[in-house]
Amino acid sequence: MNQNLILIAEDDADIRDMLTFALESAGYRTVAAKDGHAAARILTVAKPVGLVTDVRMPAMNGMELCQLARRTPEIRDTAILMISANAHAYDVDAGLGAGADRYLPKPLSPRRLVSELQDLITNRHPSIS
């Protein structure tokens, strides 16, 4: 597990840049992917401690990316924060059911994003905090 690395899987360049800025300002290193397949390759090779993923992405969606992470032993413990413009109860339930630890609606507060992710990492990996 790469203790300070966060993977951002987001197809919207502006949101990807905002997430990168917020997380790097909080002291994390980031790597970004603009589609699910690229994110899956990075996830399995880089083994980041955290993943922030959008639900809707080309190639492989965020739900599929979460499922991949949870069934792959080397990355099963990655803290996963799912983000989406879809925030109905059934969307949240589907995201959590796919393996996300938390589900945040867009638009995002950068401060809340960082706080939620730090909390997830602390809960999944107490020795890192």
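Tutor: Before we dig in, one definition: a residue is buried under 20% relative accessible area, exposed over 50%, and partly exposed in between, using a 1.4 Å probe and protein chains only. This is a predicted model, where local features need pLDDT of at least 70, side-chain atom pairs count only at pLDDT 80 or more, and totals for chains, interfaces and linings use all residues. Residues are numbered from 1 along each chain as its sequence is written, and side-chain values use heavy atoms, with hydrogens and water left out.

Student: Great. How many helices and strands are there in the protein?

Tutor: Five helices and five strands. These are DSSP runs numbered from the N terminus, with helices being H or I of at least four residues and strands being E of at least two. Along the sequence the pattern reads β-α-β-α-β-α-β-α-β-α.

Student: Why is helix α3 largely enclosed by the rest of the structure?

Tutor: Helix α3 covers residues 62–71, and seven of its 10 residues are buried, so the helix is largely enclosed by the rest of the structure. The buried ones are Gly62, Met63, Leu65, Cys66, Leu68, Ala69 and Arg70.

Student: What do those buried residues of α3 pack against?

Tutor: Three strands and three helices, if you go through the list: β1 (2–9), β3 (48–54) and β4 (79–84), plus α2 (36–46), α4 (89–98) and α5 (110–124). Contact here means heavy atoms within 4.5 Å.

Student: And which side chain reaches the backbone nitrogen of Met63 at the start of α3?

Tutor: That is Asn61, with a side-chain oxygen within 2.9 Å of the Met63 backbone nitrogen. A polar contact is a pair of N or O atoms within 3.5 Å; within protein, one must be able to donate a hydrogen and the other to accept it, and residues adjacent in sequence count only if both atoms are side-chain atoms.

Student: Switching to α5: is Glu116 buried or exposed?

Tutor: Buried, because its relative accessibility is 16%. Glu116 sits in helix α5. If you leave aside neighbours within four places in sequence, Glu116 is in contact with Leu81, Arg102 and Leu104.

Student: What about Met18, which residues is that one in contact with?

Tutor: Setting aside neighbours within four places in sequence, Met18 is in contact with Leu108 and Pro110. Met18 belongs to helix α1, residues 13–25, and is partly exposed at 25% relative accessible area. Met18 and Leu108 are 90 residues apart in sequence, with their C-alpha atoms 9.5 Å apart.

Student: Let's do backbone geometry. Where is the cis peptide bond?

Tutor: The cis bond joins Lys106 and Pro107, with omega of about 0°. Pro107 is in the loop between β5 (102–105) and α5.

Student: Which residue in the loop between α2 and β3 should I look at?

Tutor: Try Lys47, found in that loop. Lys47 has a positive phi of about 50°, although not a glycine, and is partly exposed with a relative accessible area of 27%. Ala59 also has a positive phi, about 75°, and is not a glycine either. Ala59 is in the loop between β3 and α3, and counts as exposed at 53% relative accessibility.

Student: Okay, and what is Glu74 in contact with?

Tutor: Beyond its neighbours within four places in sequence, Glu74 is in contact with Met1 and Lys47. Glu74 lies in the loop between α3 and β4 and counts as partly exposed at 49% relative accessibility.

Student: Zooming out, what radius of gyration does the protein have?

Tutor: The protein has 13 Å, which agrees with the value near 14 Å that a compact globule of 129 residues would have. That radius is taken over C-alpha atoms, and the globule rule is 2.2 Å times the number of residues to the power 0.38. The C-alpha atoms fill a box of roughly 35 × 30 × 25 Å along the principal axes.

Student: What percentage of the residues is buried?

Tutor: Buried residues make up 47% of the 129. Also, among contacts between residues at least 6 apart in sequence, 61% join residues at least 24 apart.
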